[in-house]
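User: Can you zoom in on one part for me, the largest pocket? Which element gives the most to its lining?

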Amino acid sequence: MPSGVVLYFYVKIAVAPGLFPCSIAICGVVFVVLGKNMERNLLRFLFVVIVCIVIVGGSFTLWRFSAHAYYGGPGSYVALGGQAVPLIQNAQMLQDTPSDQPLSLSISLQMRNAAALDHLLQALYDPGSTSYHQFLTPDQFQQLFAPDDSQVQQVVSYLQSQGLVVTNVASNNLLIDASGTVGQAQQAFNVHMQNYRLGSHTFYANSSSPQVPANLLPLISAINGLDNSVQLQPYYQQRAQLPLNSSAYGPQDLSAAYDITPLQNMGIQGEGQTVALFELDGYQASDVAQYVKGYYPGASAPNMRTILVDGFNGKAGSGAVEVEMDMELIAAVAPHATQLIYEGSNTNQGVNDTYNRIVTDNKAQVVSISWGICEAVNGSSELKTLDTIFKQGAAQGISFFAAAGDSGAYDCKDTNLGVDSPASDPYVTSVGGTTLQMGGTPEQSETVWSDPSDILRAPKGSGGGGGMSKTYKLSSWQSGPGVKNQYSNGYRQVPDVAANADPNTGYAVYCTVHNAGCPLDGWLSLGGTSAAAPIWAASTLLLNQYLHNQGKTRLGFANPALYNLARTNQSHSAFTDITRGDNLYYPATSTYDLASGLGTPDFYNMARDLD
């Protein structure tokens with residue numbers, strides 16, 4: 001028994017590759033040669049113990065020396081760029097974060113051949129290229145652009161050497177999940193973590209950029225999870241609970257407003273199409289079924305399946321009304337499509353893993369996103385992580401549609417101009433908001449949504465998001481009439497497109513989740529750009545089905561095709577140009593503008609133009 005304890009102690013310490021098997025062999029020989037019958041000879045036993053301690057101590061010292069040499073030594077740690085936490089600039093520091101507080105980290109790795117990926121994406125969406133719409137599979141993407149297994153293992157080994165537990169490596173090798181304590185993270189990345197208060201919001205964050213060994217700097221893109229300063233918000237806006245026969249728009253109104261009805265009448269209702277919904281809360285399937293039944297008695301509920309990410313519990317909480325609105329509006333437009341509802345926790349790790357799971361599963365051709373946060377407070381490291389995921393999605397031919405935000409041009413909910421993430425990412429289609437009055441011609445019935453009197457969420461009021469990114473440069477595909485304007489500064493401009501989002505001209509939604517504040521009778525009227533995004537996502541399912549029936553490939557990353565439709569002569573008018581109103585700062589103008597983008601859709605015309 002005593003000899004087993006010594007051996008176990010040694011095995012736990014001598015973990016360095018190379019030293020471990022050699023030292024085990026030496027210690028084993030010592031035990032065999034000198035430890036025979038040692039229980040009967042205390043002096044011999046003590047001698048064996050001392051010899052093993054010397055071996056263990058020596059190998060441990062060598063291990064520490066070799067680890068420092070391999071990872072660059074104590075003086076060769078380098079700070080990761082772009083890791084500052086924006087919110088601490090104006091926050092009050094309270095105290096040091098307890099060292100035993102648990103953390104969940106999301107380590108983002110650098111892609112290989114990043115420049116080659118950019119060239120490939122240009123070719124994939126250039127109709128004149130031989131690579132046009134030759135979309136990659138996840139396996140092909142990994143082989144060409146993901147870190148290889150040896151690079152991943154270098155990072156994993158370092159994390160483990162610091163006492164952190166690696167809980168998952170994503171199938172595309174781009175994300176590593178690790179858990180540990182604040183104390184372990186501070187030691188591993190040479191940071192100081194403190195608690196802060198900003199208004200009523202309290203959070204913890206690293207006060208300086210994390211550092212990593214110099215030889216790992218080319219491998220690690222970002223370390224997310226050292227702070228919890230940001231949580232994504234759902235972008236629904238509630239007017240009032242209403243009976244079913246209220247003025248809130250139902251499926252037929254929606255289809256008529258955006259010329260979806262001709263496609264549906266052709267039998268194009270989402271058959272063979274799959275949409276993924278990015279969600280950070282659960283839902284009640286019975287609510288979605290009741291919504292469909294309310295408008296189409298006898299109709300069956302849509303084909304829907306939940307994918308829980310990282311063990312998320314899937315319970316319907318305060319954000320369930322957002323999830324159910326997304327599902328119901330998609331069912332209103334594409335009732336026969338398959339809905340995959342991906343649900344994760346509202347943390348850096350949960351958000352990253354949920355997006356990444358959607359992309360690596362590669363089961364959906366279209367993704368609807370109704371959750372976001374001000375780009376300026378999301379942090380450069382998280383923006384970089386998300387951009388990599390969206391690039392892979394674009395390479396695989398996935399369309400992402402995201403709500404542009406509900407605070408007009410002031411997405412950070414203050415008096416500074418700002419845009420929303422992830423809608424500002426160049427590989428996402430940003431969907432802004434309008435006020436739709438049914439009847440009359442589209443030009444007369446639709447204006448940019450803004451309400452300066454609604455200051456519950458932001459001091460400037462509510463309205464459809466839009467403006468200039470401070471992170472992403474203007475992409476080559478974003479060109480055409482109106483794109484170069486008095487506000488242009490060389491950065492990405494949003495929104496790209498728009499649809500009705502004003503809660504005063506909102507959509508009927510059915511929700512009975514008590515935790516979400518839903519009424520007992522279930523029916524309420526909702527708006528917000530998080531209603532506009534699923535409408536675009538669902539209609540793109542119909543576009544894809546139409547194109548498939550014509551022997552064409554699906555739309556994929558939508559922005560190049562949408563801007564091409566707007567800047568070239570087409571047989572039909574794919575957009576309604578919104579020329580009235582503003583989003584609390586940027587005015588609507590003819591052609592593209594920073595309040596309504598290219599305008600609102602005519603999906604039947606768009607389908608025929610794309611054919």
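Analyst: First, the naming: helices (H or I, at least four residues) and strands (E, at least two) are DSSP runs, numbered from the N terminus. This is a predicted model, so to speak of local features we need pLDDT of at least 70, and side-chain atom pairs count only at pLDDT 80 or more, while totals for chains, interfaces and linings use all residues. Residues are numbered from 1 along each chain as its sequence is written, and side-chain values use heavy atoms, with hydrogens and water left out.

The element you're after is α17, which puts five residues into the lining of the largest pocket, the most of any. A pocket here is an open set of points on a 1 Å grid over the protein atoms alone, where a 1.4 Å probe fits, with protein on both sides within 12 Å along at least five of seven lines; lining residues have an atom within 4 Å of a point. The space in the largest pocket comes to about 810 Å³, counted as what is filled by probe spheres set on the points, which are joined across faces, edges and corners. Its lining has 33 residues, and Y125, D126, W477, F557 and P560 are the closest to the centre.

Besides α17 (559-567), the elements that each supply at least two lining residues are α4 (114-124), α14 (380-395), β23 and α18 (603-610). By class, the lining splits into 16 nonpolar, eight polar and nine charged residues (Ala, Val, Leu, Ile, Met, Phe, Trp, Tyr, Cys and Pro are nonpolar, Asp, Glu, Lys and Arg charged, the others, Gly among them, polar).

Two of those elements also help place S479. This serine sits in the loop that links β23 (467-473) to β24 (491-494), and it touches Y563 and R567, leaving aside residues up to four places away in sequence (contact: heavy atoms within 4.5 Å). The side chains of S479 and R567 make a polar contact of 3.2 Å, meaning a pair of N or O atoms within 3.5 Å; within protein, one must be able to donate a hydrogen and the other to accept it, and residues adjacent in sequence count only if both atoms are side-chain atoms. The C-alpha atoms of S479 and N564 are 8.3 Å apart, with the two positions 85 residues apart along the chain. S479 has a relative accessible area of 27%, so it is partly exposed (buried is under 20%, exposed over 50%, partly exposed in between; 1.4 Å probe, protein chains only).
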